[in-house]
Every structure is written in structure tokens, then in C-alpha cells.
Amino acid sequence: MEDRGILDQSAREIATRVSAGSLSARAVTEAYLERIGEVDGQVMAWQHIDPDQARKTADELDRKGAKGPLAGVPVGVKDVIETSDMPTGYGTTIYDGHQPLWDAPAVQLTRDAGGLILGKTVSTELAMLSPNKTRNPHNPLHTPGGSSSGSCAAVAAGMVPLAFGTQTSGSVIRPASYCGVTGFKPTFGVINTVGVKVLCHSLDTLGILARGIEDAAYCAATLSGQTDLTGLAPPSRPKLAVLTGTRLEHAQPEAIEAVERLARTAETAGAEITWLAPPAWYDGVFDLHEAVMGWEATHSLAYEIRNEWDRLTPVTRTMLTDLGRVTGDRYRTAVEELPGIRHLMDALLGRFDAVLTLAAPGEAPQGTATGDPIFNRLWSVLQVPLVNLPGATGPNGLPVGVQLVGARGADHRLASAALFLEAMQAGAKP
């Protein structure tokens with residue numbers, strides 16, 4: 001029988017106990033492998049997992065006396081991130097069985113910190129919109145979202161305490177909302193993305209999926225060197241704002257209600273709440289994201305477009321065709337406009353510990369289509385830190401998250417505000 005006590009412990013607690021010698025990496029690994037055996041047949045979150053390899057790695061950690069901030073902690077790695085000892089297929093059959101010769105820095109830093117790479121989690125094709133095999137752990141008839149489908153579903157189903165995702169539009173925050181887990185997308189560039197299959201070089205960001213913001217921030221600190229993220233300090237009276245933004249015709253009532261209800265509850269708990277109207281330039285940022293992604297994605301995937309077009313799924317081909325309509329002039333104009341827009345948004349966001357907005361249009365849709373990143377795109381092109389805060393449910397009983405937004409570089413401030421809200425929802429004193 002698996003050790004339920006291990007599965008209930010945070011990543012930080014596991015690392016502390018393994019480092020102290022009161023818990024073995026092998027015991028942790030066995031507990032999670034047993035959990036995977038119980039639930040992954042329906043969820044299908046893993047692209048590659050080798051139990052014998054995981055046990056061997058755990059035994060080696062125990063033999064050496066694992067130390068470090070992630071000692072003995074199992075980690076799932078999205079299958080667009082390169083690993084030297086596991087295949088990396090980038091979510092497409094084109095690269096089935098592809099074996100990189102090296103680890104992406106995020107993977108190597110995890111190993112250096114004592115972490116155990118448990119396996120590769122499912123990605124959509126080339127981290128775009130074409131769905132893969134993973135199902136929502138709350139209801140297998142619904143999508144887990146994408147493109148970080150497997151990482152979000154694996155954490156939600158209790159198969160791993162930490163997992164890596166990537167976001168170019170909404171691929172960390174949206175599936176985290178659909179699966180009901182914490183998603184942390186740091187400020188662009190905080191975590192090194194070398195060794196991640198490039199989609200858009202000025203947007204791609206590596207994020208962390210976890211069961212709570214403290215674990216997510218703690219992992220991000222280990223990978224980034226931003227040590228302040230290891231010690232979050234929830235403000236006693238946080239300054240929060242609500243900015244539901246534009247294009248709300250794409251939102252279901254439960255998504256808007258989740259934001260508004262969280263704000264009202266936070267105000268009762270002592271937060272200072274400001275309700276914001278979108279600035280006049282706000283809606284135009286969507287077009288800037290479209291321009292940047294259109295040009296950069298079609299250039300990043302030039303090889304696949306030229307040499308592997310017929311092996312791509314119809315969904316991917318359609319998306320690449322649409323993205324390919326962006327002209328170089330439009331891209332360069334967007335690149336020239338963005339620095340000024342980012343500074344304007346930083347000035348607005350910097351007035352608050354966190355700004356509350358929609359994480360997704362609503363509950364996870366039924367079927368395999370991964371959902372609409374409409375409420376994430378704007379924030380991704382602005383390169384700001386984001387958190388999905390789970391806690392609400394929709395009319396079908398599926399999770400609905402709230403997206404928390406901070407100014408660039410204010411990751412600790414944002415995560416601390418998220419901890420206030422997380423504790424508030426749990427009924428604990430923030």
C-alpha cells in the first residue's frame with residue numbers, strides 16, 4: 001500500500017526530510033509510481049516514464065546522500081524540454097524516439113538540486129493547439145487544456161508534486177485553470193529556456209505547476225537563483241485590483257464570477273480592492289501578440305514547415321497557415337511598439353500586489369480541443385509574471401481558476417499576494 005503521508009507532503013517538506021535522512025528518495029519514488037499506476041490509465045499524462053529507471057535514480061540519490069533544495073523530489077518535465085536520458089518528442093510523431101544528447105539547463109539544475117526527473121509529460125504538437133492523448137483528471141470527457149496538458153493533469157491527479165510547463169500564449173495558466181492546480185509563469189527570462197523547443201523566442205517562458213504557490217515559487221527560485229522566492233511573505237493588507245479587461249464575449253459567466261467573488265472575499269479578509277477599467281490601449285495588445293507569434297513561430301518551425309508538413313496534424317497545419325499571414329512589416333511595427341506598452345502596463349500593475357483577471361474562458365470544454373487562450377495572450381506578450389489560483393468550480397463541477405498578474409520583475413510580490421489568497425481560500429489566517 002502506498003504511503004499516503006508522502007503524497008500529502010509538499011515538495012519542500014519532501015526535500016527537507018530526504019536531506020535529513022528521515023525519508024528515502026526510493027520511498028518517495030515508489031509512492032508516486034504507485035499513484036501513477038492507479039490513475040494514469042485514464043488520465044494519460046505521461047509521454048515517457050520508466051519505473052525501473054526512476055528507481056535506479058532514486059537509489060543512486062540515496063547512496064550519495066541526496067542534498068539540495070529539491071532532494072528526492074520527483075519532477076515531471078514537459079516533452080518539449082530536452083533530457084539526456086529520456087526521449088524528447090516535442091509532442092509530435094515526427095520526432096518519436098528522438099534522444100537528445102544533453103539536458104536543458106532547467107533539467108540539469110533540477111538534478112543538481114537533488115531532484116529526480118520522474119518522466120516526460122505530454123505536450124500538444126510542438127506546444128501549439130493540436131491535442132494529444134491526455135484527459136482532464138476531473139472528467140475524462142473534457143480537455144485538460146494545452147499545451148502543458150500532461151504536466152497540469154499529472155499534478156492535479158497527484159502523480160507528481162512538481163512539473164514543468166511552457167507558455168507562449170496561455171499554455172501554463174489555461175490548463176492549470178482547467179485542471180485546478182497552481183500555475184506560476186515567472187517574468188519572461190527568469191528561468192533559462194535553452195533546450196526548450198522554440199516556438200517564439202521573445203515569448204516562450206518556462207513555468208512551474210504545483211499544488212500550491214509556495215512549492216511553485218520554491219522550485220522557480222531553485223531554477224532561477226531568485227532566492228527571495230523561497231520565502232514568501234503574504235502582506236497583511238494586500239493591494240489588489242480587478243481588471244476583467246475586454247473581449248468578455250468569449251467568457252462564460254463562471255469565469256467572471258470567480259474573479260469577482262475572489263475580490264469580494266479578499267476585501268472581507270482585509271485586502272484593499274480597486275476596480276479598474278481597461279486603458280484605451282489595452283485591446284490593441286492582442287494584435288501585438290498575434291503579430292509577434294505569427295512571425296516568430298513560423299520562422300522557428302521553418303524546418304518542420306519545409307520538410308515535415310504532411311506529417312503535421314491538420315490542426316497544426318491550419319494554425320501555421322494562419323500565423324504565416326503576418327508580414328515582416330507588421331512584426332517589426334509590433335516589436336517597436338511593445339517596449340512602450342510594457343512600460344505603461346508595468347506602471348499600472350506596479351501600483352498593486354496583484355491584479356485579478358480571467359485565467360480561462362470558463363470550465364474545461366468537453367472534447368479534445370484545448371480551449372481558447374484569449375485571456376492569456378495579452379499578458380504573455382507583455383512578459384509579466386502570472387499565477388493561476390485554483391479554488392472555484394463551474395456549473396459542471398470542474399475547476400475554474402483566477403489569473404493573478406504582476407509587474408515585470410515583481411515575481412516575489414505577486415507570489416506573496418497569491419499566498420495570501422491561497423491561505424484565505426483554505427480558511428487559514430493569511
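**Exercise 1.** How are helices H9 and H15 oriented to each other?

*Solution.* The model is predicted.
Step 1. Two packed helices are described by the angle between their axes and the distance between the axes.
Step 2. Locate the pair. H9 covers residues 253-268, and H15 covers residues 411-426.
Step 3. Take the two values. The axes come within 11 Å and cross at roughly 85 degrees.
Step 4. Apply the cut-off. Angles of 65 to 115 degrees count as roughly perpendicular. H9 and H15 are therefore roughly perpendicular to each other.
Step 5. Find the residues that touch. H9 brings Leu262, Thr265 and Ala266, while H15 brings Leu421, Met424 and Gln425.
Step 6. Sort the residues of this contact. There are 4 nonpolar, 2 polar and no charged residues.

**Exercise 2.** Classify the packing of helices H10 and H13, then describe their contact.

*Solution.*
Step 1. Locate the pair. H10 spans residues 284-300 and H13 spans residues 328-349.
Step 2. Take the values. Their axes come within 9 Å, with a crossing at roughly 130 degrees.
Step 3. Check the classes. Roughly perpendicular ends at 115 degrees, and roughly antiparallel applies over 145. H10 and H13 are therefore oblique to each other.
Step 4. Add the hand. The crossing of H10 and H13 is left-handed.
Step 5. List the contact. From H10 come Val285, Asp287, Leu288, Glu290, Ala291, Val292, Trp295 and Glu296. From H13 come Gly328, Arg330, Tyr331, Ala334, Glu337, Leu338 and Ile341.
Step 6. Sort the residues of the contact of H10 with H13. They divide into 9 nonpolar, 1 polar and 5 charged.

**Exercise 3.** Examine the backbone at Met44, Ala127 and Ser147.

*Solution.*
Step 1. Recall the usual case. Most residues other than glycine have a negative phi, and most peptide bonds are trans.
Step 2. Look at Met44. Its phi is near 60 degrees, a positive value in a residue other than glycine. Met44 sits in the loop between helix H3 (25-43) and strand S1 (46-48).
Step 3. Is Met44 buried, partly exposed or exposed? Buried means under 20% relative accessible area, and exposed means over 50%. At 28% relative accessibility, Met44 is therefore partly exposed.
Step 4. Look at Ala127. Its phi is positive too, near 60 degrees. Ala127 lies in the loop between S3 and H6. Its relative accessible area is 12%, so Ala127 is buried.
Step 5. Turn to the peptide bond from Gly146 to Ser147. That bond is cis, with omega near 10 degrees. Ser147 is found in the loop between strand S3 (116-121) and helix H6 (149-156).

Definitions and conventions. Residues numbered from 1 in each chain as written. Predicted model: local features only at pLDDT ≥ 70, side-chain atom pairs only at ≥ 80, totals over all residues. Heavy atoms only, no water. Axes fitted to C-alpha atoms, helices over the stretch in contact; angles between N-to-C directions. Helix = DSSP H or I, 4+ residues; strand = E, 2+ residues; numbered from the N terminus. Parallel < 35°, antiparallel > 145°, perpendicular 65-115°, else oblique. Left-handed = near helix turned anticlockwise from the far one by under 90°. Contact = heavy atoms within 4.5 Å. Nonpolar A, V, L, I, M, F, W, Y, C, P; charged D, E, K, R; others polar. Buried < 20%, exposed > 50% of the residue type's maximum accessible area, 1.4 Å probe, protein only.
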